[in-house]
Amino acid sequence: MLTGDDQITQIQQAIDLVSLIGEQLRLQPRGREFVGLCPFHEDTKPSLNVVPHKQIFHCFACSTGGDAFQWMIKYHKMTFPDALRYLADRAGIKLLSRPGTRDNQDTDQSDRKLLAQANAAALSFFRKMLHDVKIGRAAHAYLEHRGVRDDITEAFELGYAPDAWDTLAQAAARNRWNERAMRQAGLISPRSQGEGDYDRMRHRLIFPICDELGKPIAFGGRTLPAGSLGDKNEAKYLN
């Protein structure tokens, strides 16, 4: 049976350290190792070495180093439990629970996972709406007027919240997304009268707000002109 320490070793061995660090730094091969500019000090020449066969990184200038867990802690400012959860998920490994903590941990992890799924689903929805020739026409016209190129739109994953009251809410119900998590994320809200939910973002250009790993954790919306809903009292920008 695996112990906690065994599982940490299993996760560490399953992670491609070059790929993990290479998502943030430009790494170049040098023999059996890879080198890049160290992000932990003012580096003008490649001082950071990534050693795949040892699963470690080390800077010969500032002496910062460690394994995949230390990279997440030092570069992304994560706690060890957060780094453990992230790397386990990345490696497709289900974490063991410590005695006496399983219920709380399972609940917390489940809530975080549902919120992450809700935000990811919303981002995919908003991007799809922007790329819809008919629905996203007003948003495209605004972006063109402001000189925002298509490559910028794609790089920043911009989207569009349609000019309707409940398009996202209907999509959530139709696709069986977790509506409680969508409400908790502030994406939809229950109607004050009648059943169902309404969208919090309507006829807005959507800017995803991402964490250090590039995952959406919130959204900003800029209202667009000539909407049909008549939300004249709504703020120009809404988060």
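Me: What makes strand 2 and strand 3 a pair?

Reply: In this predicted model, 3 bridges join strand 2 (residues 33-36) to strand 3 (residues 48-51). Pairing takes at least two bridges. So the two strands count as paired. They run antiparallel.

Me: Which residue of strand 3 is the bridge partner of F34?

Reply: V50 is the bridge partner of F34.

Me: How do you know that strand 3 pairs with strand 4?

Reply: Again, count bridges. 4 bridges join strand 3 to strand 4, and at least two are needed. So strand 3 and strand 4 pair. Their sense is antiparallel. V51 has I56 in strand 4 as its bridge partner.

Me: What lies between strand 3 and strand 4?

Reply: A turn. The two strands form a hairpin with 4 residues between them. Q55 in that turn has a positive phi of about 60°.

Me: Why do strand 4 and strand 5 count as paired?

Reply: Over 2 bridges, strand 4 and strand 5 pair in the antiparallel sense. The rule asks for at least two bridges, so 2 bridges satisfy it. F57 has G66 in strand 5 as its bridge partner. This hairpin has 5 residues between the strands. Within it, S63 takes a positive phi near 70°.

Me: Why are strand 1 and strand 5 called edge strands?

Reply: Start with the sheet. It is open, has 5 strands in the order 1-2-3-4-5, and its pairing is antiparallel. Strand 1 (28-30) and strand 5 (65-66) each pair on one side only. That puts them at the edges.

Me: Which residues of strand 4 lie on its covered face, and which on its uncovered face?

Reply: Strand 4 covers residues 56-59. F57 and C59 make up the covered face. I56 and H58 make up the uncovered one. In a regular strand, side chains alternate between the two faces of the sheet.

Me: Why is helix 3 called oblique to helix 4?

Reply: The axes of helix 3 (residues 68-75) and helix 4 (residues 80-91) cross at roughly 125°. Roughly perpendicular ends at 115 degrees, and roughly antiparallel starts over 145. The angle falls in neither range, so helix 3 is oblique to helix 4. The axes come within 9 Å. The crossing is right-handed.

Me: What makes up the contact of helix 3 with helix 4, by class?

Reply: From helix 3, A68, F69, M72 and I73 take part. They meet F80, A83, L84, Y86 and L87 in helix 4. By class, this contact has 9 nonpolar residues, no polar and no charged ones. Tyr counts as nonpolar here, so Y86 belongs in that class.

Technical notes. Residues are numbered from 1 along each chain as its sequence is written. This is a predicted model: local features need pLDDT of at least 70, side-chain atom pairs count only at pLDDT 80 or more; totals for chains, interfaces and linings use all residues. Side-chain values use heavy atoms; hydrogens and water are left out. Axes are lines fitted to C-alpha atoms, for helices over the stretch in contact, and angles run from 0 to 180 degrees between N-to-C directions. Angles under 35 degrees count as roughly parallel, over 145 as roughly antiparallel, 65 to 115 as roughly perpendicular and the rest as oblique. A crossing is left-handed if the near helix is turned anticlockwise from the far one by less than a right angle, and right-handed if clockwise. Contact means heavy atoms within 4.5 Å. Buried means under 20% relative accessible area, exposed over 50%, partly exposed in between (1.4 Å probe, protein chains only).
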